[in-house]
Amino acid sequence: MKGKRRLGILGLGLLLLPLAACMAAPSTGDRTTVRWTGTVEAIRPDGLQVSGQQVRWTGQTQILGEIRVGSPVEVEGIQVDGAVNALVIRAQPAEGSVEFRGIVEAIQPDGYRIAGRTVIVTATTQIEGPIAVGSLVEVHGIPQPDGIILARRIHREEEDRPDIEFTGIIEAALPNGYRISGQTVIVTATTQIEGPIAVGNLVEVQGIPQPDGTIEAIRIRLKGEVRFEGVVEAIRPDGYRVSGHTVVVTGTTRVKGPIAVGDWVEVEGFLQGGGQIIAREIRVRKAPQAAEVEFKGHVEAI
């Protein structure tokens, strides 16, 4: 009787063994590891829709790169119940995408003018930092057949401008700037030009190197500054004669006070090759007091 009982228990154990094995080992039929590349069509609270496939976040999902609607991504995960539980989502560079840096030259109704390029902003464009005219930005986008850049991301880089500075002679005036000591310097709407400049002038340039080797000018400043005081000896059609110096007044010259022949003035400006001074500012000053002298002598004539 005891032998039959032991056999019954053993038989029951043998019957339960396959069932226990089925419960301990998960079925791999509906848990397939997958990897593929697609385009993000929608971003949802619980994940993404990538090329028609539902991709769910999990506590272990690693997201590498920038994920936005329209972004190409590579997905690694486990296929479960018709969806994918993502293990890794990697952003992929868009085919034909471009990256460049430049100064914002103008704000347009649908975007910006940046380093001579028209950049269109859409509802999915990621803009990092306040963007204004004069801002240095990095643009990630997709070029269109008409040359317009459809922006995916615009990042302001005002804090770490890669500026360069150099001093040189203006060798030629170009349609969009100058050739200065062999360098092509591009002038934009935001370039600050200090002092009237012309071919032959010595200037100091501050700018941003561009990928094509040109320099986008932030500032061009005329060198050879002078400052002196003297008497206005004559009024000329283009300025004044001050203590023997020809002082030229331009549309940017600041003239402080009505100036007449005989006035004592202070002149700040830029010395030109011909000896003329292009005035930046002229202001009337109080004439220095003449020194008093005493002497004795005979009156020689009345």
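This report walks through the strands, pockets and a few single residues of one protein chain.

The model is a predicted one: local features need pLDDT of at least 70, side-chain atom pairs count only at pLDDT 80 or more, and totals for chains, interfaces and linings use all residues. Numbering starts from 1 along each chain as its sequence is written, and side-chain values use heavy atoms, with hydrogens and water left out.

**The chain as a whole**

The secondary structure of the protein chain comes to one helix and 24 strands. Helices (H or I, at least four residues) and strands (E, at least two) are DSSP runs, numbered from the N terminus. Buried residues make up 33% of the 302 residues; buried means under 20% relative accessible area, exposed over 50%, and partly exposed in between, with a 1.4 Å probe and protein chains only. Take the contacts (heavy atoms within 4.5 Å) with a separation of 6 or more: 57% of them join residues 24 or more positions apart. About 18,200 Å² of the chain is exposed, and carbon and sulfur atoms supply 55% of that. Such areas come from the Shrake-Rupley method with a 1.4 Å probe; for residues, only the protein chains shown count as cover.

**Around strand β12**

Strand β12 covers residues 149–156 and pairs with β9, β10 and β11; two strands pair if DSSP finds at least two bridges between them. With β11 (residues 136–143), β12 runs antiparallel through seven bridges. The hairpin of β11 and β12 has five residues between the strands, and there Gly-147 takes a positive phi near 90 degrees. β10 (residues 126–128) runs parallel to β12, joined by three bridges, while β9 (residues 117–120) is also parallel, with two bridges. Arg-153 in β12 is the bridge partner of Gln-126 and of His-140. Val-119 stands opposite Ile-149.

**Two pockets**

Pockets are found on a 1 Å grid over the protein atoms alone: a pocket is an open set of points where a 1.4 Å probe fits, with protein on both sides within 12 Å along at least five of seven lines, and lining residues have an atom within 4 Å of a point. Grid points are joined across faces, edges and corners, and a volume is the space filled by probe spheres set on the points.

| Pocket | Volume | Largest share of lining |
|---|---|---|
| Largest | about 220 Å³ | β7 (residues 98–108), three residues |
| Second largest | about 160 Å³ | β12, three residues |

The largest pocket has a volume of about 220 Å³. Of its 15 lining residues, Ala-115, Gln-210, Asp-212, Thr-214 and Glu-216 are the closest to its centre. The lining divides into five nonpolar, five polar and five charged residues. Here Ala, Val, Leu, Ile, Met, Phe, Trp, Tyr, Cys and Pro count as nonpolar, Asp, Glu, Lys and Arg as charged, and the others, Gly among them, as polar. Eleven residues line the second largest pocket, with Arg-68, Val-69, Thr-124, Ile-142 and Arg-152 nearest its centre.

**Single residues**

Gln-206 sits in strand β17 (residues 202–209) and counts as buried because its relative accessibility is 18%. Leaving aside neighbours within four places in sequence, its contacts include Asp-163, Ile-164 and Arg-219.

Asp-81 is not a glycine, yet has a positive phi of about 50 degrees. Asp-81 lies in the loop between β5 (72–80) and β6 (83–91), and at 66% relative accessibility it counts as exposed. Ser-181, also not a glycine, has a positive phi of about 50 degrees. Ser-181 lies in the loop between β14 (177–180) and β15 (183–186) and, at 39%, counts as partly exposed.
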